[in-house]
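Here is a quick walk through a small protein model, written for someone who would rather look at the structure than at tables. Keep the viewer open as you read.

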Amino acid sequence: MALEMRETCERCEVSLTADGPASICSYECTFCADCTEAMAANCPNCGGELVTRPRRKAT
């Protein structure tokens, strides 16, 4: 099962690239690095930990 690589931050709606920095929780909520830092790496949707999202090569 592959992760859903969302293309925008769920908080500020900035564009995210598949090979760029982003954070994700266990429910695949996705945030940019700035929002992750502002939220102290806690998902506002589920309360879970935000961790670095794996990167994929751009195709």
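Leaving aside neighbours within four places in sequence, which residues is cysteine 32 in contact with? The partners are Cys9, Cys12, Val14 and Leu16. Keep in mind that this is a predicted model.

## Overall layout

The secondary structure is simple: one helix and three strands. Reading from the N terminus, the order is β-β-α-β. The radius of gyration is 10 Å, close to the 10 Å that the globule rule gives for 59 residues, so the protein is as compact as a globular protein of that length.

The C-alpha trace spans about 30 × 25 × 15 Å along its principal axes. If you take the contacts with a separation of 6 or more, 42% of them are between residues 24 or more positions apart.

## Core and surface

Of the 59 residues, 32% count as buried. The largest nonpolar core is made up of 11 residues, and there is plenty of cysteine in the list: Cys9, Cys25, Cys29, Cys32, Cys35 and Cys43 sit there along with Leu16, Ala22, Phe31, Met39 and Leu50. In soluble globular proteins, nonpolar side chains tend to be buried together. Two of the contact partners of cysteine 32, Cys9 and Leu16, are also on the list of core residues.

On the outside, the accessible surface comes to about 4,100 Å², and carbon and sulfur atoms account for 49% of that. As for charge, there are 6 positive and 9 negative side chains, with the centres of the two sets 6 Å apart.

## Valine 14, before the strands

Valine 14 is in the segment before β1. Is valine 14 buried, partly exposed or exposed? At 37% relative accessibility, valine 14 counts as partly exposed. Not counting residues up to four places away in sequence, valine 14 touches Glu7, Thr8, Cys9 and Cys32.

For a longer view across the model, try glycine 48. Valine 14 and glycine 48 are 34 residues apart in sequence, and their C-alpha atoms are 21 Å apart in space.

## Two loop residues with positive phi

Most residues other than glycine have a negative phi, so a couple of spots in the loops are worth a click. Glutamate 28 lies in the loop between β1 (23–24) and β2 (30–31), and has a positive phi of about 70 degrees although it is not a glycine. With a relative accessibility of 16%, under the 20% cut-off, glutamate 28 counts as buried.

The other spot is alanine 40, in the loop between α1 (33–38) and β3. Alanine 40 is not a glycine either, yet has a positive phi of about 55 degrees. Is alanine 40 buried or exposed? Alanine 40 counts as exposed, because its relative accessibility is 56% and the cut-off for exposed is over 50%.

## Arginine 55, after the last strand

Now go to the segment after β3 (51–52), where you will find arginine 55. At 56% relative accessibility, arginine 55 counts as exposed.

What does arginine 55 contact, once neighbours within four places in sequence are left aside? The answer is a run of residues from earlier in the chain: Ala18, Asp19, Gly20 and Pro21. Threonine 17 makes a handy reference point here: arginine 55 and threonine 17 are 38 residues apart in sequence, while the C-alpha to C-alpha distance is 8.8 Å.

How values were computed:
Residues numbered from 1 in each chain as written. Predicted model: local features only at pLDDT ≥ 70, side-chain atom pairs only at ≥ 80, totals over all residues. Heavy atoms only, no water. Helix = DSSP H or I, 4+ residues; strand = E, 2+ residues; numbered from the N terminus. Rg over C-alpha atoms; globule rule 2.2 N^0.38 Å. Buried < 20%, exposed > 50% of the residue type's maximum accessible area, 1.4 Å probe, protein only. Contact = heavy atoms within 4.5 Å. Areas by Shrake-Rupley, 256 points an atom, 1.4 Å probe, with all protein chains shown as cover. Lys, Arg positive; Asp, Glu negative; His and termini not counted. Charge placed at Lys NZ, Arg CZ, Asp CG, Glu CD. Core = buried A, V, L, I, M, F, W, Y, C linked by side-chain atoms within 4.5 Å.
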